[in-house]
Amino acid sequence: MRMTSRRGNLFIVSGPSGAGKGTLRERLFRQVKDLVFSISCTTRPPRQGEEDGVDYRFVDEKTFLELIDTGRFLEWACVHDHYYGTLKEDVLLELNRGKDVVLEIDVQGALQVKDACPRAILIFVAPPSLDELEKRLRNRGTEQEKDLEIRLRNARDEIITSGSYDHMIINDNVERASGELQAIVLSYRIDPQQEYLEGME
Ligand code: 5GP
């Protein structure tokens, strides 16, 4: 019998705040088994209902800077005036166990990971328009006006960078968009060469 050791895929989901990537990710985890979500570290204060170690690891700035200095991050970035980062050891451990890992991170971080791991799969979730994005952010009501303006400004820059991504999903309809995300993830689980070789044995 031929032994195969499959290394997991690294999926990176990015998109402007309010594009709906969190909702798509939740649906993906309900529909597709054996996915691991990487819990980021952040210096942003928790929002109402957010839990430490579930949504994020909430750390202070001193701790975050120490993690940078000791080389613990796969990537990190300053987004909307706060630090966010992905711990290297967590991701590598899961990939080596053959698990597919999903990072939900901004475009600066995504491009850092793509440089370090060219096999990483970059998926961009875009809103149907910037007007619609502003409407969603205002309805969500989780940000003060100043933060909302920063998020809208950053959204424009993120959409410009999305040209470097492997896949683009326009989230104008949650059902369809989540179906697309699911199809993209599952398509990377098929290894035609492996199936072909197994057929020869
Ligand atoms: P929020 O504060 O709304 O949870 O997230 C703000 C932005 O930071 C989102 O675009 C989110 O994807 C991004 N983000 C979350 N975790 C990380 C991370 O570990 N690294 C980077 N680079 N961005 C992150």
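The exercises below, each with a worked solution, concern a predicted model.

**Exercise 1. The open sheet**

Determine the strand order of the open sheet of five strands, and find which strands stand at its edges.

Solution.
- Step 1. The order of the five strands is 2-7-1-8-9, and the pairing is parallel.
- Step 2. Strand 2 (35-37) and strand 9 (167-170) each have a single partner strand, so each has one side without a neighbour in the sheet; these are the edges.
- Step 3. From one strand to the next, the twist averages 25 degrees.

**Exercise 2. Pairing of strand 7**

Find how many bridges join strand 7 to strand 2 and to strand 1, and name residues that stand opposite each other.

Solution.
- Step 1. Strand 7 (residues 100-104) runs parallel to strand 2, and three bridges join them.
- Step 2. In this pair, leucine 35 is opposite aspartate 100, and phenylalanine 37 is opposite valine 102.
- Step 3. Strand 1 also pairs with strand 7 in the parallel sense, over four bridges. Here valine 13 has glutamate 104 as its bridge partner.

**Exercise 3. Cover over strand 7**

Decide whether the two faces of strand 7 are covered or open, and identify helices that pack on the sheet.

Solution.
- Step 1. Buried means under 20% relative accessible area. Five of the five residues of strand 7 are buried, so the strand is largely enclosed by the rest of the structure.
- Step 2. Sort the residues by side: Asp100, Val102 and Glu104 belong to one, Val101 and Leu103 to the other, and both faces are covered.
- Step 3. Helix 1 (residues 21-31) lies across strand 1 (10-14), strand 2, strand 7 and strand 8 (121-126). The angle between helix 1 and strand 7 is about 165 degrees.
- Step 4. Helix 4 (residues 107-116) also packs on the sheet, where it touches strand 1, strand 7 and strand 8. Its direction makes about 155 degrees with that of strand 1.

**Exercise 4. Arginine 25**

Establish whether arginine 25 is buried or exposed, and list its contacts beyond its neighbours within four places in sequence.

Solution.
- Step 1. Arginine 25 belongs to helix 1.
- Step 2. Its relative accessibility is 19%, so arginine 25 counts as buried, the cut-off being under 20%.
- Step 3. With neighbours within four places in sequence left aside, the contacts of arginine 25 are Phe37, Val102, Glu104 and Leu181.
- Step 4. With glutamate 104 there is a polar contact of 2.7 Å between the two side chains. Glutamate 104 is also the bridge partner of valine 13.

**Exercise 5. The hairpin of strands 5 and 6**

Describe the pairing of strand 5 with strand 6, and find residues with positive phi in the loop between them.

Solution.
- Step 1. Strand 5 (residues 73-79) and strand 6 (residues 82-87) run antiparallel, joined by six bridges. Tryptophan 76 stands opposite glycine 85 in strand 6.
- Step 2. Five of the seven residues of strand 5 are buried, which leaves the strand mostly covered.
- Step 3. Two residues lie between the strands of the hairpin, and histidine 80 has a positive phi near 45 degrees.
- Step 4. Aspartate 81, in the loop between strand 5 and strand 6, has a positive phi near 70 degrees. At 55% relative accessibility, aspartate 81 counts as exposed.
- Step 5. Elsewhere, aspartate 34 has a positive phi of about 60 degrees and is not a glycine. Aspartate 34 sits in the loop between helix 1 and strand 2.

**Exercise 6. The ligand**

State how many residues surround the ligand, and locate polar atoms of the protein that lie by its oxygen and nitrogen atoms.

Solution.
- Step 1. The ligand is surrounded by 17 residues, of which Ser40, Arg44, Tyr56, Tyr84 and Asp106 are the closest.
- Step 2. On the nitrogen side, a polar side-chain atom of aspartate 106 is 2.7 Å from a nitrogen atom of the ligand.
- Step 3. For oxygen, a polar side-chain atom of arginine 151 lies 3.0 Å from an oxygen atom of the ligand. A polar backbone atom of glycine 85 is 3.2 Å from an oxygen atom of the ligand.
- Step 4. The ligand taken alone exposes 510 Å², and 95% of that is buried by the protein.

Note on methods
Residues numbered from 1 in each chain as written. Predicted model: local features only at pLDDT ≥ 70, side-chain atom pairs only at ≥ 80, totals over all residues. Heavy atoms only, no water. Pairing = 2+ DSSP bridges. Axes fitted to C-alpha atoms, helices over the stretch in contact; angles between N-to-C directions. Contact = heavy atoms within 4.5 Å. Buried < 20%, exposed > 50% of the residue type's maximum accessible area, 1.4 Å probe, protein only. Near = heavy atom within 4 Å. Polar contact = N/O pair within 3.5 Å; in protein donor to acceptor, adjacent residues only side chain to side chain. Areas by Shrake-Rupley, 256 points an atom, 1.4 Å probe, with all protein chains shown as cover.
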